[in-house]
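Work through the following exercises with the model open. Each task is followed by a solution in steps.

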Amino acid sequence: MELLTAIQQRHSVRSYLDKPIGKDVCDKLQGVIDECNAQSGLHIRLVTNEPKAFDSFMAHYGKFSGVKSYVALIGKKGEGTDEKIGYYGEKIVLAAQMMGLNTCWVAMTYKKVKSALNIAKDEKIYCVLALGYGATQGVKHKNKTLEEVCKYNVNPVPEWFMNGVNAALLAPTAMNQQKFCFSLLSGNKVEATTKSGFYSKIDLGIAKYHFEVGAGKDNFNWQ
Ligand SMILES: Cc1cc2nc3c(=O)[nH]c(=O)nc-3n(C[C@H](O)[C@H](O)[C@H](O)COP(=O)(O)O)c2cc1C
């Protein structure tokens, strides 16, 4: 499966089948996570086939069921980490989708998780990705209009730019808030900004990864 197909097929899934993730798939996903950690300096961790752990963290999250595996998105507290968590977390989400798995980003700040995972004092668990074989494939979310999420003042607008914006519109965002905006500047530069909101910086990192996949990384530079 191509990354762009994974972007089109991915939707949040909150109910999972009682089907363990096999060793081959776990190893492959761990390989992707190792690569993300090496590139980013984050400490992302994969926890598979451990129903008890997730249930105890997720007691308040009635809408989730059958979650036995998850990815804990952990990094040093500080400026810039939120966006990195979004970017690399979504890389893992799309890699998982390509392996036939389903996911859902989960906003999670409980102290309980922190002590269970032995997280260092200067680190924080930013989010969790629920992971497994979905009972369904989820449903397509509602989108903002193109005018609300991008700006340009050239005519015609390059195809790669619109492909990037359309891929970003398929990205998961907290409460589907889609607060990001992509602006096309001169010299094939693109500026990505976000209005403020809960988890909007994580959302921005997620949307930027989608934009790169849709636009093609070689077609532009980030401002
Ligand atoms: C940073 C972030 C946090 C999220 N937190 C939750 C959550 O706590 N509970 C939940 O059910 N969904 C959560 N979601 C999933 C969003 O509701 C979902 O991505 C959005 O509605 C768009 O739907 P889609 O992912 O199916 O495209 C979160 C998504 C993101 C990106």
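**Exercise 1. The open sheet**

Which residue in strand 7 is the bridge partner of L184?

Solution. The model is a predicted one, in which local features need pLDDT of at least 70 and side-chain atom pairs count only at pLDDT 80 or more, while totals for chains, interfaces and linings use all residues. Residue numbers start from 1 along each chain as its sequence is written.

Step 1. Helices (H or I, at least four residues) and strands (E, at least two) are DSSP runs, numbered from the N terminus. Two strands pair if DSSP finds at least two bridges between them.

Step 2. Strand 6 (residues 180-185) and strand 7 (residues 189-194) run antiparallel and are joined by 6 bridges. The partner of L184 in strand 7 is V190.

Step 3. A hairpin is formed by strand 6 and strand 7, with 3 residues between them. In its turn, G187 has a positive phi of about 70 degrees.

Step 4. Strand 7 is also joined to strand 8 (residues 221-222), by 2 bridges and in the parallel sense. Here K189 stands opposite N221.

Step 5. The open sheet has 4 strands in the order 5-6-7-8, with mixed pairing. Strand 5 (150-151) and strand 8 each have a single partner strand, so one side of each is left without a neighbour in the sheet.

**Exercise 2. Helix 4 and helix 6**

State whether the end-to-end distance of helix 4 agrees with its expected span, then compare the burial of helix 4 with that of E147.

Solution. Step 1. The expected span is 1.5 Å times one less than the number of residues. For the 18 residues of helix 4 (residues 81-98) this gives 26 Å, and the end C-alpha atoms are 26 Å apart, which agrees.

Step 2. A residue is buried if 20 or more other C-beta atoms, placed from the backbone, lie within 10 Å of its own, exposed if 12 or fewer, and partly exposed in between. In helix 4, 17 of the 18 residues are buried.

Step 3. After helix 4 comes G100, with a positive phi near 90 degrees.

Step 4. E147 belongs to helix 6 (residues 146-149). E147 is exposed, because 7 other C-beta atoms lie within 10 Å.

Step 5. From E147 to C181 the separation is 34 residues in sequence and 9.4 Å in space, C-alpha to C-alpha.

**Exercise 3. Strand 3 and the ligand**

Which element gives the most residues to the shell around the ligand?

Solution. Step 1. A residue counts as near the ligand if its C-beta atom, placed from the backbone, lies within 6 Å of it. There are 20 residues around the ligand, and H11, S12, W105, P172 and N176 come nearest.

Step 2. Strand 3 (102-107) and helix 8 (200-215) are the elements that give two or more residues. Strand 3 gives the most, with 4 residues.

Step 3. Both domain 1 (3-132) and domain 2 (146-216) supply at least three residues to the shell; the domain bounds come from an automatic or database assignment.

Step 4. Strand 3 is largely enclosed by the rest of the structure, because 5 of its 6 residues are buried. Strand 3 pairs with strand 4 (residues 123-132) in the antiparallel sense over 6 bridges, and T103 stands opposite L131.
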